[in-house]
Amino acid sequence: METTTVKAFGAASKEADLDQMDIKRRSVTSTDVEIEILYCGVCHSDLHTARNDWGGTIYPTIPGHEIIGKVTQVGEEVSKYKVGDLVGVGCMVDSCRTCESCKMDLEQYCKNGFTGTYNGKEKYLDEQTFGGYSQKIVVEEHFVLKVPTNLDTAAVAPLLCAGITTWSPLRHWNVKEGSKVAVVGLGGLGHMAIKLAKGLGASVALFSRSEGKIEDAKRLGADEVIISTDSDQMKKSRGKFDLIIDTVPYAHDLNPYVSTLNINGTLVLVGYLGDLDPILNSVPMILGRKSVAGSVIGGIAETQEMLDFCGEHNIVSDIEMIKMQEINTAYERMLKSDVKYRFVIDMASLKD
Ligand code: NAP
Ligand code: ZN
Ligand code: ZN
């Protein structure tokens, strides 16, 4: 298959800073869309992958799965998009499309494994997939999203991961007018969870370690902020919430949060992958029919639903725009929870 060479930014090894490199993109097949990338959000998963926190990173790795761009070419069978359209790509670029999950529009739970936008298996080339920290990407039409044109284009980028990852559990657990939702951690995912839950009519609380984020949380729509390191505040919140979305990226004690669930309530983990530490006490779950669950991103139809909802309700991410060359500093700031509330890379900087 023919390829074109494009500029990208990625990591050559676990220890290496991200740096400029050239990568190949496949030429468009009949069902492909070629996209010139305008903006790409910076997700904590990008950092986990660049530094091999989860194991399994194939180097070189080009992160980035909150992609907004303009269509530059389409294959002959593509019907939904034309050259010039504003489109998005999230965390998946393919899946088997035939298994039970895929048929139910749950490509993120594809029984054969979805193809990640980065660190997946490129379908036509003998190499890994490369993400959005690059000038161009070629993606199967089904995995391309329509982007509302009434919103700030750069601020839409984080909806493609942070938005859908929090939207999917809000919808699955049927959050609506009158629901009581809490969010743990005010970062990229957390701030979108607050905006989307408010948009659905819920009352929303934030659990945060950071006193300095109280005002921001309220401005973003939180009705209440509970400082999670203050045991009195935690005790006062017992038995309150129908749904908690926990976005914390590292192992932490879930027991105090489970106590704040109402009966039949669910705590959904979207941040941390791995063994829980300390271990979870089943007593409050059994005595209150409570659940601890997990969720990964969202299906393509659900992502389109979320983008359309954001278009109608004027919801975008609060972003700090950076140049591609500032990515290593951005990662260090993200590790210190010093992001308000999502970095977005202006990809024009890669042309310099
Ligand atoms: P982020 O912007 O860095 O936000 C994480 C927030 O968690 C921080 O702002 C901080 O909030 C809190 N936090 C950080 N370290 C903590 C610690 N050690 N203990 C307690 N709280 C801590 O990250 P993000 O981009 O939102 O991503 C969050 C996690 O979700 C990452 O692990 C990412 O890989 C994962 N993720 C999962 C999915 C999925 O599909 N399930 C999708 C995207 C991302 P406060 O300062 O308010 O406490
Ligand atoms: Zn992500
Ligand atoms: Zn499948």
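Which residues come nearest to ligand 1? Hi everyone, let's start there. Keep in mind that we are looking at a predicted model. There are 28 residues around ligand 1, and those that come nearest are His44, Ser208, Ser210, Lys213 and Arg342.

Let's look at some individual contacts. The side chain of Ser45 has an N or O atom 2.7 Å from an oxygen atom of ligand 1. Leu186 takes part through its backbone: one of its polar backbone atoms is 2.8 Å from an oxygen atom of the ligand. Then there is Ser295, where a backbone N or O atom lies 3.0 Å from a nitrogen atom of ligand 1. And how much of the ligand is covered by the protein? On its own, ligand 1 has 920 Å² of accessible area, and the protein covers 90% of that.

Now, where does this shell come from? Two helices to find on your screen are α1, residues 44–50, and α5, residues 188–199; each of them supplies at least two residues of the shell around ligand 1. The largest share belongs to α1, with 3 residues. If you sort the shell by class, you get 12 nonpolar, 13 polar and 3 charged residues.

Let's leave the ligand and turn to empty space. Rolling a probe the size of a water molecule over the atoms shows where such space is left. How many cavities of 30 Å³ or more does a search of the whole structure find? The search finds 2.

The largest cavity holds about 170 Å³ of space. It is lined by 18 residues, and the closest to its centre are Arg26, Val93, Glu122, Thr129 and Val138. Here we meet strands: β2 (19–26), β6 (92–94) and β8 (136–140) each give at least two residues to the lining of the largest cavity. Strand β8 has the largest share, 4 residues. By class, this lining has 6 nonpolar, 3 polar and 9 charged residues.

What about the second largest cavity? Its volume is about 60 Å³. Among the residues lining the second largest cavity are Gly90, Cys91 and Met92, along with Leu145, Leu160 and Ile164. Further along the chain, Ile297, Gly298, Ile300 and Thr303 also belong to that lining. How many charged residues does the lining of the second largest cavity have? It has no charged residues, with 7 nonpolar and 3 polar ones.

So, to take home: ligand 1 has 90% of its accessible area covered by the protein, and the search of the whole structure finds 2 cavities of 30 Å³ or more. Thanks for listening!

Key
Residues numbered from 1 in each chain as written. Chains lettered and ligands numbered in written order. Predicted model: local features only at pLDDT ≥ 70, side-chain atom pairs only at ≥ 80, totals over all residues. Heavy atoms only, no water. Near = heavy atom within 4 Å. Polar contact = N/O pair within 3.5 Å; in protein donor to acceptor, adjacent residues only side chain to side chain. Areas by Shrake-Rupley, 256 points an atom, 1.4 Å probe, with all protein chains shown as cover. Nonpolar A, V, L, I, M, F, W, Y, C, P; charged D, E, K, R; others polar. 1 Å grid on protein atoms, 1.4 Å probe; cavity = no way out; pocket = protein on both sides within 12 Å on 5 of 7 lines; lining within 4 Å. Points joined across faces, edges and corners; volume = space filled by probe spheres on them.
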